[in-house]
Amino acid sequence: MIETTELFPGVRLHFIRDPRFKQSLMTVQFLRPMCREESARNALWSSVLLRGSRNYPDLRDITIRLDSLYGAGMGAVVRRVGDVQASGMSMTFLADRFALAGDAIFRPMAEFVGELLLEPQLDQGIFRQDYVEGEKKNLISAIESRRNDKTVYAMQQLLARMCREDSYGLNRLGEPEDIAAVTAADLYDFYVRVLKKSPVEIFCVGDLDADAVAAGLMPLAEALGPRTGYAPGKIRFHDAGGGTWSEQQPLTQTQLDLGFVSDVTLDHPLCIPMRLFNLIYGAGMQNKLFRVIRETMSLCYDISSSYHGGKGLLTVSTGIENAQTDRVREEIFHQLTLCQQGNITAEELNSAREAMHSSLRATFDSGSNMEGYYFNGLLTGSLLPPEEYHARLDAVTLEEVVEAANHVHFHSEFLLRGVKG
């Protein structure tokens, strides 16, 4: 069960006590609008903070301090939920009851987080240039490595085009050219603005005491002060129109990605039936696309679908031979039509339902997955207690799954055509 407390106006603590976990998890995240103008700096500033602070000026000093806290861990967080980009820090640490007699872990950990957030290592009043340049290089390298994965690249290109006037088409890490243009002074000014105005969401999961957690974090909340800036809200998919795009690269296979739209978002009554449809269509262990196009017809190397509930989108990704493009596209549409006509068996529905039950149970076996479940649910306004989610899942009928499928309509295509180098 999650307990939410407003420590200070605009600074909320979400506490989930679970005695099963020896390791506790805490995240401190600042919410910003997902936009091209800010995405690169949002992806950079928290990583720069983790390079050094006033009392712990470099990575060696930070590592020594974490080791003294019973081997605690820390990392930067950059995530996108709908139209919100969240950035900040994530910490893992032992619960106090596992420490030696007289030792405390949580309160010193909270104080350390406060220093890293509020007292960064500066040079002449701005971030250190070498720290900023180092993190810029790391971030650009991470983006380029994803682009080298052509399955990921093709899907990014599809979403960028079909969402070209919607924030969902933006890269959550920013674009390399925007990152390269960031200066130490510019990034520091942006960081100061984030700290002053952005809503703060703090999540804590583990075998901890709620009152002790709130008391330990109150100095940080007071130092941050009240928030009066950007308040995240839900924005429906901004449809600029569909289309067909293609690109050639020296590859051994072709990547065909199709995008579909619907009005079934996370707050829609058909959201859970839509998730079940996605599993049956292209995401489950025995989905129709893989079973028919890959196994029966031998037309592709791999194929799968994904449901992007925040915007009501559904995408299909498949690796194929050039010569099979038209046949594969035709069969993807055919399998969708069959589902819309009710060609879904009770066995397929039950298999998808059990897969969702299993996935939800597994979510609550991990502190980080649990934090993600609640974070996404709270930000999208779609949070369900797990017991209610299981109950609603059991109540879904075959007719509702077919109805959800009929909300899906083709929108866009991106073809990454492989040619001989």
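Contact here means heavy atoms within 4.5 Å. I will use the word in that sense throughout, and it matters most for one glutamate later on. The model is a predicted one.

Let me start with the whole protein. It has 421 residues, and a compact globule of that length would have a radius of gyration near 22 Å; the protein has 23 Å, which agrees. Along the principal axes, the C-alpha atoms fill a box of roughly 65 × 50 × 35 Å. The secondary structure comes to 15 helices and 13 strands. Buried residues make up 53% of the 421. The surface exposed by the protein is about 18400 Å², and carbon and sulfur atoms supply 50% of that. If we take the contacts with a separation of 6 or more, 81% of them are between residues 24 or more positions apart.

Now some parts that come early in the chain. Helix α1, residues 36–49, is mostly covered, with 12 of its 14 residues buried. Among the buried ones are W45, L44 and V48, but also E38 and R41.

Next is helix α2, residues 59–68. Its N-terminal end is capped by D58, where a side-chain oxygen lies 3.2 Å from the backbone nitrogen of R60. After α2 comes Y70, with a positive phi near 60°.

Then there is a hairpin. Strand β4, residues 73–81, and strand β5, residues 84–94, run antiparallel and are joined by 9 bridges. One of the pairs is G73 with T92 in β5. Between the two strands of the hairpin are 2 residues, and G82 in the turn has a positive phi of about 60°.

Positive phi values also turn up outside glycine. Most residues other than glycine have a negative phi. Q124 is not a glycine, yet its phi is positive, about 55°. Q124 sits in the loop between β6 and β7, and it is exposed, with a relative accessible area of 81%. S298 also has a positive phi, near 55°. That serine is in the loop between α10 and β11, and at 54% relative accessible area it counts as exposed, because the cut-off is over 50%.

That loop leads us to the open sheet. Which strands make up the sheet, and in what order? There are 5 of them, in the order β9-β13-β10-β12-β11, with mixed pairing. β9 (243–249) and β11 (300–308) stand at the edges with a single partner strand each, so one side of each has no neighbour in the sheet. From one strand to the next, the twist averages 15°.

The partner of β11 is β12, residues 313–320; the two run antiparallel and are joined by 8 bridges. Within that pairing, S306 has T315 in β12 as its bridge partner.

Two helices lie across this sheet. Helix α9, residues 271–283, lies across β10, β11 and β12, and it runs at about 175° to β11. Helix α11, residues 325–340, lies across β10, β11, β12 and β13, at about 30° to β10.

One residue to look at here is Y281, in helix α9. Is Y281 buried or exposed? Its relative accessibility is 1%, so Y281 counts as buried. Leaving out residues up to four places away in sequence, Y281 touches a list of residues that includes F260, S305, L314, V316, I332 and L336. If you place those on the elements I have named, F260 falls in β10 and L336 in α11. There is a polar contact as well: a polar atom of the Y281 side chain lies 2.8 Å from the backbone oxygen of I332.

The C-alpha atoms of Y281 and E348 are 9.6 Å apart, although their positions lie 67 residues apart along the chain.

That brings me to E348, the glutamate I mentioned. E348 belongs to helix α12, residues 346–363. Its relative accessible area is 14%, and buried means under 20%, so E348 is buried. What does E348 contact, beyond its neighbours within four places in sequence? The residues are I280, K288, R291 and N343. With two of these, the side chain of E348 makes polar contacts: K288 at 3.0 Å, and R291 at 2.7 Å. K288 is also on the list of residues that Y281 touches.

Methods: Residues are numbered from 1 along each chain as its sequence is written. This is a predicted model: local features need pLDDT of at least 70, side-chain atom pairs count only at pLDDT 80 or more; totals for chains, interfaces and linings use all residues. Side-chain values use heavy atoms; hydrogens and water are left out. Two strands pair if DSSP finds at least two bridges between them. Helices (H or I, at least four residues) and strands (E, at least two) are DSSP runs, numbered from the N terminus. Axes are lines fitted to C-alpha atoms, for helices over the stretch in contact, and angles run from 0 to 180 degrees between N-to-C directions. A polar contact is a pair of N or O atoms within 3.5 Å; within protein, one must be able to donate a hydrogen and the other to accept it, and residues adjacent in sequence count only if both atoms are side-chain atoms. Buried means under 20% relative accessible area, exposed over 50%, partly exposed in between (1.4 Å probe, protein chains only). The radius of gyration is taken over C-alpha atoms; the globule rule is 2.2 Å times the number of residues to the power 0.38. Accessible areas come from the Shrake-Rupley method with a 1.4 Å probe; for residues, only the protein chains shown count as cover.
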